[in-house]
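Dear colleague,

I am passing on the structure below, and my notes on a few parts of it follow. Please read them with the coordinates open.

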Amino acid sequence: MANVIVIGSQWGDEGKGKITDLLSKSADIVVRYQGGVNAGHTIVVQGQTFKLHLIPSGILYPETECIIGCGTVIDPQVLIGELDQLEKLNISTRNLLISETAHVTMPYHRLIDQASEEKRGSYKIGTTGRGIGPTYADKSERISIRVLDLMDAKGLREQLEWTIGYKNVILEKLYNLPPLDPEEVITQYLEYADRLRPHVVDTSLKIYDAIQRRRNILFEGAQGTLLDLDHGTYPYVTSSNPVAGGACIGTGVGPTAIDRVIGVAKAYTTRVGEGPFPTELREEIGELIGKRGAEFGTTTGRKRRCGWFDAVIGRYAVRINGMDCLAITKLDVLDELEEIKVCVAYEIDGVKCEDFPRSARRFAQCRPVYKTLPGWKQSTEHCRSLDDLPRQALDYLKFLAELMDVPIAIVSLGASRDQTIIVEDPIHGPKRALLDANGIPVAS
């Protein structure tokens, strides 16, 4: 039995969807623990592409139970759209369970999110405009609608009549937007409730029972460590906790139930939206990486900013998450490069810094200190074992593992399931296991 958390080690978009999909084969249950429709996972199976925003990646395995935990905020309209999409593709959704205490994104959340971001002007955060921040804000303000409230028609009407009246004042007076019609919103959300009702349960109890029965559970985060509300590049962050610790809060599971944490990182670095990015490449190489990596956001289609691998934030992610091993994705994107750089430290005002600075202003002043490695100048997309990889590619992986003092258990070389080297099963294998082609430990 193993209970495993999969987290993003950078600014999100690391390829967690594919890694979670791969690991779901060994899992009995996959649980999404935070975020909302501002996140997206793209999975390619037998040439078919699936884009999921709320439903856990494990849904593609018919026997795997999928849970949306209480730490996730749910937009019912989007969720129902995903259910419809999967069912049209003959993918069963009968094993999807939704936490009754998850909070619900409402129409006023989306309107306020978009209007607020517009008013920020040059100080904008770069949100997706999907209402996630305002939903979490209402959760903290204790005026939010939870899934269980949707199931109670009378109670929902009483809550929303007051809440929509309150939000209409904000929409009209602060943002000069037309008010919402309470009756229209209530009717619409009661219809959503009827559709979702068969999936709604006490998911914390379900997960606890599964742990007692020693079933394999995979906890799936959205976004990445550097977007964490408390531990990321604040204020350019999301509104929840993507780090490993967020899995316990977002599902109702105690920390002693977790066996290991798997971090996912690209072989380079990307970032969507605003905020400092020390290794960003603004010229030809950045364009090449973005084109080869198809670096556009799953949710918004926004172009991702691309840069060299940053081992400073990598080490920080290892520390913050208590990471046991890494999955490195998109190694093949670097196949055409003559040389590859890795940021091993920063320089701030002429002083070398090997730790991630917590101030966004100070972080923006960081200048990367690079180590340059030779590229391999040959395709890796058909490699299926470490023996198949060029020596320079192996050396690159070894260098990353040594810098972050964590072994690499999975190497992804493309979007499809089969374009993967599984060095060691990160769920059932030993924790410190990566070997190179000659059987030499890459990280002790």
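A residue is called buried here if its relative accessible area is under 20%, exposed if over 50% and partly exposed in between (1.4 Å probe, protein chains only). This is a predicted model, in which local features need pLDDT of at least 70 and side-chain atom pairs count only at pLDDT 80 or more, while totals for chains, interfaces and linings use all residues. Residues are numbered from 1 along each chain as its sequence is written, and side-chain values use heavy atoms, with hydrogens and water left out.

In helix α3 (residues 107-120; helices are DSSP runs of H or I with at least four residues, strands runs of E with at least two, numbered from the N terminus), the buried residues are P107, Y108, H109, R110, I112, D113, A115 and E117. Their cover includes α2, β8 (103-104), α4 (132-141), α6 (153-174) and α7 (182-196). After α3 comes G121, which has a positive phi, near 60°.

R110 also leads to D75, which sits in the loop between β6 (73-74) and α2 (76-88) and is buried, with a relative accessible area of 2%. The side chains of D75 and R110 make a polar contact at 2.7 Å (a pair of N or O atoms within 3.5 Å; within protein, one must be able to donate a hydrogen and the other to accept it, and residues adjacent in sequence count only if both atoms are side-chain atoms). Setting aside neighbours within four places in sequence, D75 is in contact (heavy atoms within 4.5 Å) with V37, L54, T105 and R110.

With best wishes
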